[in-house]
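Trainee: Could you take me through one small part of this protein slowly? I would like to follow the backbone and then see the whole around it.

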Amino acid sequence: MSLSKTIYIESANSSKEYNLDAVHAKEGTLFLNETITADVAVQFVSVMKYMAEKEKEVTLYINCKGGEVNAGLVMYDVIQAYPHTLNIICTGIAASMAAVLLAGGQKGRRFILPHSKVMIHEPLIMDGFGGSATTIEKKAQSILEIKAIINGILSEATGKSIEEIDSATSYDNFMDADEAVAFGICDKIRNIY
């Protein structure tokens, strides 16, 4: 089944076609429902900059399996710097980097639907891992630095120690809504409205 992203609004004299994403964005409602990439991060920065200039309260719905760490860290920085109210709601799943974005939201405004899930884990190497011994050593150092950054973010967001986060992210750690709230990634279970 494919849902239309177009709506038609009729007036007395005419009918206008609107893109549903644009209608939602105008109201401060955004959706992250694709893999986090550099292109997604650039689009996110652009939209959030516009929202900040308009002094908009934003609600970000996340249903995302994660993606590129560097792109996600750009989005995290924007979330941290947003000067107005920012609600983040997990709808479906917030996994990997998407879970970091959810956890990094404004305290008291990080929500999850009753049947949604969160998954945290160590950063993964997505590209080929090869090269000279020095190259492999540098890549290993880089991934450990990224792990430290991500675990530091999760520690600060959840109130857990680095040791607790290291243990919790040593595997694909799936949490239901109650567990995500108890862990400190979300503040409250709520419905979509």
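Mentor: Let's look at two loop residues and then step back to the whole protein. This is a predicted model, in which local features need pLDDT of at least 70 and side-chain atom pairs count only at pLDDT 80 or more, while totals for chains, interfaces and linings use all residues. Residues are numbered from 1 along each chain as its sequence is written, and side-chain values use heavy atoms, with hydrogens and water left out.

Start at glutamate 55, in the loop between α2 (38-53) and β4 (58-64). Helices (H or I, at least four residues) and strands (E, at least two) are DSSP runs, numbered from the N terminus. Glutamate 55 is not a glycine, yet its phi is positive, about 55 degrees. Its relative accessibility is 62%, so glutamate 55 counts as exposed (over 50% relative accessible area; buried is under 20%, and partly exposed lies in between, with a 1.4 Å probe and protein chains only).

Now move along to serine 96, which sits in the loop between β5 (86-95) and α4 (97-103). Serine 96 also has a positive phi without being a glycine, with a value near 60 degrees. Serine 96 is buried, because its relative accessible area is 19%.

Stepping back, the protein has 7 helices and 9 strands. Of its 193 residues, 39% are buried. Its C-alpha trace spans about 70 × 40 × 35 Å along the principal axes.
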